[in-house]
Amino acid sequence: MHLPIPRRAAATALLALAAAAPPTTHAQACPPELPVQGAPPPLPVFPADNWWNTDIRSAPVDPDSARYIAFIDNGGTRRLHPDFGGEVRPGSVKVYGFPYAIVGGSQPLQTVRFLYADESDGVDHDTGKSYPFYPLPDEAITQPHWVEGGAPAEVDQRRRNDRHLLVIDCANRHLYELYNVWFNTAKGQWRAGSGAFFDLTRNDRRPEGWTSADAAGLAIFPGLVRHDEAWNDAVPEITHAFRVTVRATNGHVYPASHTAGSTPGALPMGARLRLKQTVNGQDPVNRTNDPHLRKIFRAMQRHGLIVADNGSDMYISGTFDVRWDNDVLNPGFALLSASDFEVVRLGWRPGVP
């Protein structure tokens, strides 16, 4: 859920990949048929030294870590929850998690009209007019499961769903993410709240103060739990952080670029949480015997969670994939609680004092 705060004269408000192939050290070939929903993404996703891929095990703990964790616990015990899965019911339009599309380099570019055009890509910021920029597949207009929530883009659900649309150009290794998408059939026009472009080969950060398709101004896809990593035994470890939401935030710190809350005592956007190595003398990873869940938990120790949006406390984002088994995920994630985590020093980055 995007909770904007005022910026300039207007309020600022405010997408995720899964597949079936193991990561490689070089760019992965495009799928044989394009566009396609849910096919293997091009890899790697951002350079190894990107903030999503950084090993944070040696990062210092923030002096206020215990206070931030207590805020999340909110007088109780806040357990983790997997905010992803497959279809709500077998064959249903509604889905859990983030769908994503993969397109080729020749996919026609579409113009998107934005509510928050001053912080969106694909806009002439001198005139405020949008231009053809986003390689959006026509299938997303009329077919289910291409847009977050599941309904086709021609169905206007912007008031009750974030409606992210994530698109990867596998030929050029570009990522496009849109928030609050709707295709106006009567006018033949794409509309969205905001939109952002990311070159998957670079570490470019959004301009300071800018949003993206996510409240923190970060890319969504690289922070998703993906089935092709977690349940693929050919992938020994997951090498990136996960996207997490909390009920309220207060400002932002690196690597985030955008503020969407000012609640005293809350974590800022961009804050990192790290699963502790030991809790009461035991490694919390070993609370489960499932090797796939252990792999996910180890990634939380090595790369952590990055606060990216306002929502439910300790909800971990992942891809829409019909192979997920929530009868395994839900009780598995519930083995961990907020008190099993610590907050890394706010704004930390390797080599910067």
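**Rings, a disulfide and a pocket**

In this predicted model, R349 sits over the face of Y254, with 3.7 Å to the ring centre. A similar arrangement turns up at Y68: here R67 lies over the ring face, at 4.8 Å from the centre.

Aromatic rings also meet one another. A pair of this kind is described by how far apart the ring centres are and by the angle of the planes. The count comes to 15 aromatic pairs. One of them joins Y131 and F133, whose ring centres are 6.0 Å apart and whose planes make an angle of 85°, an edge-to-face pair. Y131 is partly exposed, at 37% relative accessibility, whereas F133, at 18%, counts as buried because the cut-off for that class is under 20%. Both rings belong to a wider group, an aromatic cluster made up of F114, Y131, F133, Y134, Y176 and F197.

Tryptophans get together too: W231 and W324 form an edge-to-face pair, with 5.8 Å from centre to centre and 85° between the planes. W231 comes from the loop between α3 (227–230) and β14 (242–246), and W324 from the loop between β17 (315–320) and α5 (326–333), so this pair ties together parts that lie 93 residues apart in sequence. As for accessibility, W231 is partly exposed at 26%, while W324 is buried at 7%.

Next comes the covalent link. A disulfide is a covalent bond between the sulfur atoms of two cysteines. Searching the whole structure turns up 1 disulfide, and the cysteines it joins are C30 and C170, with an S to S distance of 2.0 Å. The torsion about their S-S bond is about 115°, so the disulfide is right-handed. Distant parts of the chain are linked this way: C30 sits in the loop between β2 (10–11) and β3 (36–37), C170 in the loop between β9 (165–169) and β10 (174–179), and the two are 140 residues apart. C30 is partly exposed, with a relative accessible area of 30%, but C170 is buried, at 6%.

Finally, there is the second largest pocket, with a volume of about 310 Å³. Its lining takes in 19 residues, and those nearest the centre are F114, L115, R158, A192 and G193. Elements giving two or more residues to this lining are β6 (112–114), β8 (129–130) and β12 (189–192). Sorted by class, the lining of the second largest pocket holds 7 nonpolar, 5 polar and 7 charged residues. F114 appears twice in this account, as a member of the aromatic cluster and as one of the residues nearest the centre of the pocket.

Note on methods. Residues are numbered from 1 along each chain as its sequence is written. This is a predicted model: local features need pLDDT of at least 70, side-chain atom pairs count only at pLDDT 80 or more; totals for chains, interfaces and linings use all residues. Side-chain values use heavy atoms; hydrogens and water are left out. Rings of Phe, Tyr and Trp (its six-membered ring) pair if their centres lie within 6.5 Å; planes under 30 degrees apart count as stacked, over 60 as edge-to-face and the rest as tilted. Buried means under 20% relative accessible area, exposed over 50%, partly exposed in between (1.4 Å probe, protein chains only). Helices (H or I, at least four residues) and strands (E, at least two) are DSSP runs, numbered from the N terminus. A charge sits over a ring if NZ of Lys or CZ of Arg is within 6 Å of the ring centre and within 35 degrees of the ring normal. On a 1 Å grid over the protein atoms alone, a cavity is a set of points where a 1.4 Å probe fits but cannot get out, and a pocket is an open set with protein on both sides within 12 Å along at least five of seven lines; lining residues have an atom within 4 Å of a point. Grid points are joined across faces, edges and corners, and a volume is the space filled by probe spheres set on the points. Ala, Val, Leu, Ile, Met, Phe, Trp, Tyr, Cys and Pro count as nonpolar, Asp, Glu, Lys and Arg as charged, and the others, Gly among them, as polar. A disulfide is a pair of cysteine sulfur atoms within 2.5 Å.
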